[in-house]
Amino acid sequence: MGLKDYFAFNKRQRNGVMVLLTIIAGMMIYLIVSDYLPPSPATEDFSAFKADMAKVKFKAPDTTKRVVTQIDTIARPKKANLTSSLELNTADSTDFEVFPLISPKVARTIVRFRNALGGYYDKKQLLEVYGMDTSTYNSMINHITLDASLVEKLNINKATEKALTHHPYIHKVLAKAIYNYRKTNGPFNKVSDIMRVDGIDKDLYTKLSPYLSTTN
């Protein structure tokens with residue numbers, strides 16, 4: 001077979017060669033022309049922008065410090081003002097909240113019980129407040145004063161049965177007994193005469209008498 005036979009093509013082969021040459025020629029023309037075309041937006045160089053951004057230092061928010069501060073604020077106990085004292089019969093509920101062991105609820109109960117009694121005549125009456133325990137009482141007792149002269153008196157010669165019942169130390173049955181005794185025997189001459197009423201023993205009298213009077 002001669003050399004000429006290697007370069008002999010049929011019509012189909014010649015067409016394939018022509019297509020291939022056309023593609024090659026097109027690519028060469030594109031490479032030459034592309035040097036004169038404007039750059040594509042997609043291939044824009046961002047290296048300068050990245051270099052500028054690298055110079056900027058971002059500081060992450062100190063969330064740990066904020067959380068610790070919040071926890072410290074919540075956990076830090078309230079402290080009583082040791083340079084002054086609270087007067088038990090005039091202080092309001094917010095005043096009692098300065099003591100570490102006094103919750104707002106107990107502080108309100110102290111005031112409500114005081115109002116129902118007519119005032120405190122003895123600091124130990126705080127132990128009768130619902131929610132008060134010995135530890136809480138001991139933590140505040142040295143920082144309060146008491147003016148017993150502010151205690152309101154209940155006139156047992158004029159008080160109605162209903163008014164007597166409103167006092168925390170006088171239950172409904174006892175209020176009725178006091179009222180009926182006075183109605184039957186006349187006014188009480190002195191506070192101690194109330195011990196003649198059934199249901200009032202020495203202990204109750206000692207507890208109740210600071211709130212009673214026979215005159216206005």
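Visitor: I'm new here, and I'd like to start with the rings. Which tyrosines form one aromatic cluster?

Guide: Y121, Y169 and Y211 do. Keep in mind that you're looking at a predicted model.

Visitor: How many aromatic pairs are there in the whole structure?

Guide: A search turns up four. Take Y121 and Y211 as one of them: their ring centres sit 5.4 Å apart, and pairing asks for centres within 6.5 Å, so these rings qualify.

Visitor: And what makes the pair of Y121 and Y211 edge-to-face?

Guide: That comes down to the angle. The two planes meet at 65°, and over 60 degrees counts as edge-to-face, so that's the name the pair gets.

Visitor: Why say that this pair ties together separate parts of the chain?

Guide: Look at where each partner lives. Y121 is in the loop between α6 (104-117) and α7 (134-140), while Y211 is in the loop between α10 (202-208) and β4 (212-213). Those parts are 90 residues apart in sequence, so the pair bridges them.

Visitor: Are Y121 and Y211 buried or exposed?

Guide: They get separate labels. Y121 has a relative accessibility of 24%, and because that falls between 20% and 50%, Y121 is called partly exposed. Y211 has a relative accessible area of 0%, which is under 20%, so Y211 is buried.

Visitor: How do you know what kind of pair Y169 makes with Y211?

Guide: Same routine. Y169 and Y211 are 6.0 Å apart from centre to centre, with 70° between their planes. Since the centres must lie within 6.5 Å and the angle must be over 60 degrees, this is an edge-to-face pair. Y169 belongs to the loop between α8 (161-165) and α9 (172-185), and the two partners are 42 residues apart. Both Y169 and Y211 are buried.

Visitor: Let's move on to L126. Why is L126 called buried?

Guide: L126 has a relative accessible area of 0%, and buried means under 20%, so the label follows. You'll find L126 in the loop between α6 and α7.

Visitor: What is L126 in contact with, leaving aside its neighbours within four places in sequence?

Guide: There's quite a list: L88, I110, Y120, M132, Y137, M140 and I144. As for L88, it is 38 residues from L126 in sequence, with 9.5 Å between the two C-alpha atoms.

Visitor: Next, S213. Which element holds S213, and is S213 buried or exposed?

Guide: S213 lies in strand β4. With 12% relative accessibility, S213 stays under 20%, so S213 counts as buried. Not counting residues up to four places away in sequence, S213 touches K153, L154, N155, I156 and V191.

Visitor: What lies 2.8 Å from a polar atom of the S213 side chain?

Guide: The backbone oxygen of T215.

Visitor: On to charges. How many salt bridges does the structure hold?

Guide: Two. One joins D193 and K190, with the closest N and O atoms 3.2 Å apart. The other joins R196 and D193, where the closest N and O atoms are 3.6 Å apart. The cut-off is 4 Å, so each pair makes it.

Visitor: What makes K190, D193 and R196 a network?

Guide: Salt bridges link them: D193 is bonded in this way to K190, and also to R196.

Visitor: How do you know which of K190, D193 and R196 is buried?

Guide: Set each value against the limits. D193 is at 5%, which is under 20%, so D193 is buried. K190, at 45%, falls between 20% and 50% and is therefore partly exposed. R196 reaches 54%, which is over 50%, so R196 is exposed.

Visitor: Which residues make the nonpolar surface patch of about 570 Å²?

Guide: V17, M18, L20, L21, I24 and M28. V17 lies in helix α2 (residues 11-34). At 36% relative accessibility V17 is partly exposed, and because patch members need over 30%, V17 clears that limit too.

Visitor: To finish, what is the chain built from?

Guide: It has 10 helices and four strands, and 27% of its 216 residues count as buried.

Notes. Residues are numbered from 1 along each chain as its sequence is written. This is a predicted model: local features need pLDDT of at least 70, side-chain atom pairs count only at pLDDT 80 or more; totals for chains, interfaces and linings use all residues. Side-chain values use heavy atoms; hydrogens and water are left out. Rings of Phe, Tyr and Trp (its six-membered ring) pair if their centres lie within 6.5 Å; planes under 30 degrees apart count as stacked, over 60 as edge-to-face and the rest as tilted. Helices (H or I, at least four residues) and strands (E, at least two) are DSSP runs, numbered from the N terminus. Buried means under 20% relative accessible area, exposed over 50%, partly exposed in between (1.4 Å probe, protein chains only). Contact means heavy atoms within 4.5 Å. A polar contact is a pair of N or O atoms within 3.5 Å; within protein, one must be able to donate a hydrogen and the other to accept it, and residues adjacent in sequence count only if both atoms are side-chain atoms. Patches are made of residues with over 30% relative accessible area and no salt bridge: like charges are joined within 9 Å, nonpolar side chains (Val, Leu, Ile, Met, Phe, Trp, Tyr) within 5 Å. Accessible areas come from the Shrake-Rupley method with a 1.4 Å probe; for residues, only the protein chains shown count as cover. A salt bridge is a side-chain nitrogen of Lys or Arg within 4 Å of a carboxyl oxygen of Asp or Glu.
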